[in-house]
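The following paragraphs lead the reader through one structure, from its helices to individual side chains. Please keep the sequence and the model in view while reading.

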Amino acid sequence: MRLRQAWIEASTKGGVLVFTASEVETASLGAGINPAFAGLLGGMTGGIAQAYATMGTLNDSSVIQF
């Protein structure tokens with residue numbers, strides 16, 4: 001059961017990152033921003049969205065162990 005939960009959590013987090021990064025990069029390129037900077041901006045925004053959107057599902061203390 002934990003393995004299934006881990007796969008679901010990983011796929012949703014990755015989906016948030018990829019979707020957000022792609023949308024921000026596309027919008028940045030459409031606005032005429034340098035492609036390298038658009039990619040950087042998309043990746044950073046995707047990471048922020050990923051952390052913000054998925055942090056609520058990681059409240060289980062068994063998941064947050066280092």
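What span should the 20 residues of H2 have at 1.5 Å a residue, and how far apart are its end C-alpha atoms? The expected span is 28 Å, and the end C-alpha atoms of H2 are 28 Å apart, so expectation and model agree. The coordinates belong to a predicted model, and each value discussed here is computed from them.

The overall composition may be stated next. The protein chain contains two helices and zero strands. H1 comprises residues 2-30, and H2 comprises residues 35-54. Of the 66 residues in the protein chain, 17% are buried. The chain exposes about 4900 Å², of which carbon and sulfur atoms supply 69%. When contacts between residues at least 6 apart in sequence are considered, 62% of them join residues at least 24 apart.

Helix H2 can be examined from its N-terminal end. That end is capped by Asn34, a side-chain oxygen of which lies 3.2 Å from the backbone nitrogen of Ala36. Along H2, the residues Ala38, Gly42, Gly46 and Thr54 are buried. Seen down the axis of H2, its buried residues fall within an arc of 90 degrees, and therefore they line one face of the helix. Ala36, Ile48 and Tyr52, by contrast, are exposed on the other side of H2.

Two residues of H1 connect this picture to individual contacts. Ser28 lies in helix H1. Is Ser28 buried or exposed? Ser28 counts as buried because its relative accessibility is 6%, where the cut-off for burial is under 20%. A polar atom of the Ser28 side chain lies 2.8 Å from the backbone oxygen of Val24. Leaving aside residues up to four places away in sequence, Ser28 touches Ile33, Ala38 and Leu41; of these partners, Ala38 is one of the buried residues in H2.

Thr20 is likewise located in helix H1. With a relative accessibility of 18%, Thr20 also falls under the 20% cut-off and so counts as buried. The side chain of Thr20 places a polar atom 2.8 Å from the backbone oxygen of Val16. Which residues does Thr20 touch, not counting those up to four places away in sequence? They are Thr45, Gly46 and Ala49, and Gly46 is among the buried residues in H2.

Two further pairs relate positions in the two helices through their C-alpha atoms. Gly15 is in helix H1 and is partly exposed, with a relative accessible area of 36%. Its C-alpha atom is separated by 9.7 Å from that of Gly46, although the residues are 31 apart along the chain. Leu40, for its part, is in helix H2. Leu40 has a relative accessible area of 47% and is therefore partly exposed, since only values over 50% count as exposed. The C-alpha atoms of Leu40 and Glu25 are separated by 8.2 Å, with these positions 15 residues apart along the chain counted as their separation.

Key
Residues are numbered from 1 along each chain as its sequence is written. This is a predicted model: local features need pLDDT of at least 70, side-chain atom pairs count only at pLDDT 80 or more; totals for chains, interfaces and linings use all residues. Side-chain values use heavy atoms; hydrogens and water are left out. Helices (H or I, at least four residues) and strands (E, at least two) are DSSP runs, numbered from the N terminus. Buried means under 20% relative accessible area, exposed over 50%, partly exposed in between (1.4 Å probe, protein chains only). A polar contact is a pair of N or O atoms within 3.5 Å; within protein, one must be able to donate a hydrogen and the other to accept it, and residues adjacent in sequence count only if both atoms are side-chain atoms. Contact means heavy atoms within 4.5 Å. The expected span of a helix is 1.5 Å times one less than its number of residues. The arc is that of the directions from the helix axis to the C-beta atoms. Accessible areas come from the Shrake-Rupley method with a 1.4 Å probe; for residues, only the protein chains shown count as cover.
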